Amino acid sequence: MLDIKNLTKTFGDKKAVNDISLHVSPGELYGFIGHNGAGKSTTIKSVCGLLQFDSGDITVDGHSIKTEPIEVKKIISYLPDNPDMYEFLSGIKYLNFVADIFSIPVETREERIHKYADLFELTSDLAQPISTYSHGMKQKLALISALMHDPKLLIMDEPFVGLDPKAAKVMKDAMRELTDRGGAIFFSTHVLEVAEKLCDRVAIISHGKLAASGKMDEVLGNESLEDVFFELDEAARAESDNG
Amino acid sequence: MVKKLLIINLKAMYSSMFNRNKKKNKSMGLPVKIGIAVLAVYVVAAFATMVVSFAIQLRDPFYNLGIGWMYFTLNSIVVFSICVITCIFTAQAQIFNAKDNELLLSMPIKPSSILLSRVLTLLVTEYIFEALISIPMYVVWAMGGYATVTGTIFFVIEFLLLPLMALAVACLLAWILTLVTSRMRKQNFVTLVISVIFLVAYVWLFSNLQQYIMNLVTNGSAIADAFRQGFPPLYYFGSAISDGNALHLLIFIAFAIIPFAIMIGLLSHSFIRIATTKRGAKKRQYHVKALKSSGHIAAVNKLELRRYWNNTSIILNTSLGGMFALVIGGYLLFSRSSALELVAVLSALLPDGNVIAAIVAAAFALTAAMNVLSAALISLEGNRLWILRSMPISSRSVLLGKLATHLEISLIPAWIGGILSIFALFTKDLEGALMVLILPTVFIVFIGIFGLIINLHMPKLDWTNELQPVKHGMPVLIVMFGMFALLAGLVLLYVFALSSYMNISLFVWLVVAVLVVLDILLSYWLVTAGARKFEALEA
């Protein structure tokens, strides 16, 4: 579903992402873990076509983000870490705008908006301007907009930040439902317990380089994700300091 | 602490005006710095010239009538009015609705220090406005040989104190405005109405300024008496400077300082409550309604229209020309007789070709030059750029949707104004009617595309307030002054170089033809290279 091959992205003199390769298969929930500034958001933004990268390639379902960006964007959804949205729109108008861009038929969009808004308990607030929403409500709205067109690949940057326990549970269920239908999810998180419980595969990035990746049980061995993460991060930090 | 906060506020103000891209750590290049300096010199020179011409007409008559104080009273009225009007909305944003109030209050900083730093920031901007008016006026007074040492000292003291009085009134009005509008759903509408009232009053005052000056000169003594009794603080202001009257200076100081101190006291006392009160209109209940679908360009267009109508600052800063186009059309239609008199005079002056139609068409083109919405539409995406960039919509459709918004906002009032002017002047003149519709149309298309192109080259996406790209954005300034310069250049080109070779009608149609060609070429660039430029913007 998602293939990242030798991705490199620099900002000025700094290599934010250095020769990263990974693969996400259909039906997989793929966790992406790293410290602040490790290169998670840069990788995610490159996948979604928000950043142009220096070298390598990214393909989604066989379409390259470099040469066929629109084809890629038709089958993915992106949820940023801080969902800044058009605050002058009401929730429902924002969702209708997103549905227009994804060319979702009117009946389908109405059905899906109401399904997800009910699930996330946002229905009664849909007429309110987004400017009046709390962070959690914005996060829920962004999630609804991301799920609305039934994406093949859902890409999320810190999706659990700001969600209340019930919304987090609904979200986890929705994620599992999507992967059960053959979709794939690639998401970054700092909540290692969630990643350990949810993900089929995991990649750990440190200082722009991939420190480990693979099936969750292969990466963990007999250790917890927290222990593995700190060991790999320390090693990568030492390597980065030496070279 | 007040000093530190003041410096932060001033730096934020500077940054909002001049810093282009913090992420890329780009500072302004030399050409941009030179451009800004030239623009600043031009604005100051134009303003000073206007003030000086106004001052020269009043100085000697007032002095000779023995009411020299009236000269400075008028100075204080103009400064006071401008400071109050320009400060009300800024005070509302910086004191009552500032986003960082809660953050600062959570730190070990006295609320009074936060408040004082904000008030001093406002004061700095007021001193700039005051300097643009009062200094040229005092120089004119001194050049007449009327200045004294005492008067000059008193002028300096009063110069420093006059904005305090204006600030006290502006803060009071901003407070009332915040209380009145805080629970209203249509806050923007209220702000828009108030702003338009100020604007209409300003235009009306300015268009009749010469008549008022004549009235002042001929009826100076009677008007002076009315001012002395009706506006004592401003009378004392003038009298202290012109007559060197120390008692009047002390009375003025009291008038300036006491209201300011009361206002600061009241605001300090209530600042925590003001800053932390959650305001908001009654919740709108969602009722299920059938949704309507739109194509990509139409969806972006609807989005942009909602953004536009939702923000008074965007309306007032990017499309005043539309209001002026309606005013011109209405004036021509409803003051048809005086318009026809004007026509007769102008026809006699420039009898070659369809002069009147050319002048009316140029007037509508001039109003169109004040509509610079497209020059801000890329920057206005700000940190929401990820939405459009992560969805399956081509950059071409995004740019065309934005262009459509600019065209709707500019063309509709231009066409309404044009049609009104046709009913007033060109019912039997087909060429004239076509001219007043076609020239503004092709010019508006040109401005719309040019604005987007400039904004694609100079996007400012890291703003913290939507006002920044709209009010202080370099693309907006470049397009507005660029279009004014283009129109002025065309007029000069015809008057001084081409008028002996062709009549004005032919010249206007040639300009239309050139603009049509430019519109086609720039449209092509916009949907090809411009679209690539949009794709290269990093969200």
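Strands 4 (residues 55-60) and 5 of chain A run antiparallel to each other and pair over two bridges. Within strand 5 of chain A, His63(A) serves as the bridge partner of Val60(A). This pair of strands belongs to a predicted model, which scores ipTM 0.89 and pTM 0.78.

A wider view places the two strands in an open sheet of four, ordered 2-1-4-5 in chain A, with antiparallel pairing. Strand 2 (14-24) and strand 5 (63-64) of chain A have just a single partner strand each, so they stand at the edges, with one side of each left without a neighbour in the sheet. Helix 1 (residues 40-47) of chain A packs on this sheet, where it touches strand 1 (2-11), strand 2 and strand 4 of chain A. The direction of helix 1 makes about 120 degrees with that of strand 1 of chain A.

Stepping back to the whole of chain A, the secondary structure comes to nine helices and ten strands. The C-alpha trace of chain A spans about 55 × 40 × 35 Å along its principal axes. The radius of gyration of chain A is 18 Å, which agrees with the value near 18 Å for a compact globule of 243 residues.

Turning to chain B, the average pLDDT is 84, and 92% of the residues score at least 70. Helix 6 (residues 149-181) of chain B has 33 residues, and its first and last C-alpha atoms lie 48 Å apart, close to the 48 Å expected at 1.5 Å a residue. Even so, helix 6 of chain B bends by about 30 degrees at Phe159(B), with a proline, Pro163(B), following within four residues.

Methods. Residues are numbered from 1 along each chain as its sequence is written. Chains are lettered from A and ligands numbered from 1 in the order in which they are written. This is a predicted model: local features need pLDDT of at least 70, side-chain atom pairs count only at pLDDT 80 or more; totals for chains, interfaces and linings use all residues. The expected span of a helix is 1.5 Å times one less than its number of residues. The bend at a residue is the angle between axes fitted to the seven residues ending there and the seven starting there. Two strands pair if DSSP finds at least two bridges between them. Two residues are in contact if their C-beta atoms, placed from the backbone, lie within 7 Å. Axes are lines fitted to C-alpha atoms, for helices over the stretch in contact, and angles run from 0 to 180 degrees between N-to-C directions. pLDDT is the predictor's confidence in each residue, from 0 to 100. The radius of gyration is taken over C-alpha atoms; the globule rule is 2.2 Å times the number of residues to the power 0.38.
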